[in-house]
Amino acid sequence: MNISTMIKRLQDIMRQDAGINGDAQRIEQIVWMLFLKLYDAKESEWEIYEDNYTSIIPEEYRWRNWAIDKKDGKAITGGEMESFITQLFVHLKDLEVDENTDTRGRLVKEVFTDLNNYMKDGVLIRQVVNILNEIDLTDFKVRHAFNEIYETILKELQSAGKSGEFYTPRALTDFIVKMVEPKIGETVADFACGTGGFLVSALNYMKESVEDANDNEILNNSFYGVEKKSLPYLLCVTNMLLHDINESKIIRGNSLEANVRDYEEQDKFDVILMNPPYGGTEKKAIQQNFPADLRNSETADLFMVEIFYRLKHNGRVGIVLPDGFLFGNDNTKIAIKKKLIEECNLHTIIRLPGSIFAPYTSIATNLLFFDKTKKTDEIWFYRMDMPDGYKAFSKTKPVELKHLQPVIDWWNNREEIKDIKEDESLTETWKSKKFIVSEIEKLNYNLDQCGFPVKEEVILSPKETMDNFIEKREKLEKELDIKLQEIIKLIGDIK
């Protein structure tokens, strides 16, 4: 099975259809069909192992009954296919669910609630369906081999405009999971799960510890995700089904819409892994769900507060955050960082190269690792420099787990590392350094330490250039404000 050839064949067909406009629509079109095909394959298994299994999908709309071309001249196509797909969407959106409907049944209605069929040509739809039917997803080995095709589809999101926000590089999710070490019996959550990259990385890591059927059953009920947008939600639930997680709790919605004060113990998790959306804003009604001193419109900040209220005692967190969180000195950010340090053990911050999310964005990001075992005593900072021979990561030269090996080696044997000064007159800088909490407090909770001494040579789009300029200007203005206050205080002391 040649993955790139299959994807190219599908794309070539879809480019002929007047209803498809751009990569994001192509991906959504492929994946809703793939979801129905995969769901049908899973139903074949459930029918074997469950005596009374009944599909929530009406019989004529099950994949096996309309999508298979038996080469007898009866396969629907053309105008008949166009009409059929219209009715398919109507019926799946209107499926009746109640308190007796299991998770698997609810999933179908939830997936199709806001989906669209973009293809208008019934003949071309038939051609796409026939290519997908070349994959036998009823075969366990084939299904797992197909994960590679699915990963290719997810990577395509990086060049599909704003859809790129849904995808975190697999190397990064695998690294974070490896450092956090989720265990069988622990619950794992991502409150803005996108395509499910963190959940799948955690699943793959935890599978290595499975010893028996009971462990598998526990694992099947260990994952929780929330995603408010229809395309990444579809991608995530399909991703979990491909990995044989039939009972994952992937919720369609906005985690921030619930009042954090209402969470109880059953709403908390052992492990939280996230790359929350940043740069976004939330309306006033959402902000009211958070304590006044921790409340602002910035999405990433609110997710940090959400984590405080949903992390179990002894729970662990690995999260991706932009530079703005580290150096931000407005009242809310300082309050959030103070709460983080006083109520959690923020033990490690990894500074990431700006191009690690290329080509989607070159905004500088960081990894924060903390747990709820005690308050913070000390924080280690480590700067991940570009690998030898790389000026920047890109679509053709993406970050790989091997590039994070120096970070792993340092993690297991921590030491402070000074930068080599090319000129003795330059200020001393650090690649890795430990700060005790009193030092961070004196810095007014500025976590912008062990940064990059030299700007990476990355060619940015005009929008990215402007975003970076605004972020740097904000940082400079805040640093000038701090210096000005120090001068005013000094003048006052002299008087």
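In which sense does α2 pass α12, left-handed or right-handed? The crossing is left-handed, a label used when the near helix is turned anticlockwise from the far one by less than a right angle, with clockwise giving right-handed.

Before going further, a word on what we're looking at. This is a predicted model, where local features need pLDDT of at least 70 and side-chain atom pairs count only at pLDDT 80 or more, while totals for chains, interfaces and linings use all residues. Numbering starts from 1 along each chain as its sequence is written, and side-chain values use heavy atoms, with hydrogens and water left out.

**The helix pair**

Helices here are DSSP runs of H or I with at least four residues, strands are E runs of at least two, and both are numbered from the N terminus. Helix α2 covers residues 23–49 and α12 covers 230–242; their axes come within 10 Å and cross at roughly 35 degrees. Those axes are lines fitted to C-alpha atoms, for helices over the stretch in contact, with angles running from 0 to 180 degrees between N-to-C directions. On the α2 side, the residues that meet α12 include Ile 27, Val 31, Trp 32, Phe 35 and Leu 38, and among their counterparts in α12 are Leu 231, Leu 234, Val 237 and Leu 241. Contact means heavy atoms within 4.5 Å. The residues of this contact divide into 14 nonpolar, one polar and two charged. For that split, Ala, Val, Leu, Ile, Met, Phe, Trp, Tyr, Cys and Pro are nonpolar, Asp, Glu, Lys and Arg are charged, and the others, Gly among them, are polar.

**The sheet**

Ten strands make an open sheet with mixed pairing, in the order β3-β2-β1-β4-β5-β7-β6-β8-β10-β9. β3 (249–252) and β9 (417–418) stand at the edges with a single partner strand each, so one side of each has no neighbour in the sheet. Two strands count as paired if DSSP finds at least two bridges between them. Here are three of the pairings:

| Strands | Sense | Bridges | One bridge pair |
|---|---|---|---|
| β5 (residues 311–322) and β7 | antiparallel | seven bridges | Arg 316 with Asp 371 in β7 |
| β6 (residues 345–351) and β7 | antiparallel | six bridges | Leu 346 with Phe 370 in β7 |
| β8 (residues 378–383) and β10 (residues 430–436) | antiparallel | five bridges | Glu 378 with Ile 436 in β10 |

Strand β7 (residues 365–371) is mostly covered, with seven of its seven residues buried. Buried means under 20% relative accessible area, exposed means over 50%, and partly exposed is in between (1.4 Å probe, protein chains only). Thr 365, Leu 367, Phe 369 and Asp 371 point one way from β7, while Asn 366, Leu 368 and Phe 370 point the other way.

**Cysteines and a few single residues**

A search of the whole structure turns up zero disulfides, a disulfide being a pair of cysteine sulfur atoms within 2.5 Å. Cys 193 has its closest cysteine sulfur in Cys 236, at 3.9 Å, which is too far for a bond. Cys 193 is buried at 5% relative accessible area, and Cys 450 is buried too, at 9% relative accessibility.

Asn 444 sits in the loop between α18 (437–442) and α19 (462–494), and Tyr 445 lies in the loop between α18 and α19 as well. Neither is a glycine, yet Asn 444 has a positive phi of about 60 degrees and so does Tyr 445. Asn 444 is partly exposed at 36% relative accessibility, whereas Tyr 445 is buried at 9%.

Finally, Gln 287 belongs to helix α13 (residues 284–287) and is buried at 8% relative accessibility. Leaving aside neighbours within four places in sequence, Gln 287 is in contact with Glu 282, Arg 295, Asn 296 and Ser 297.
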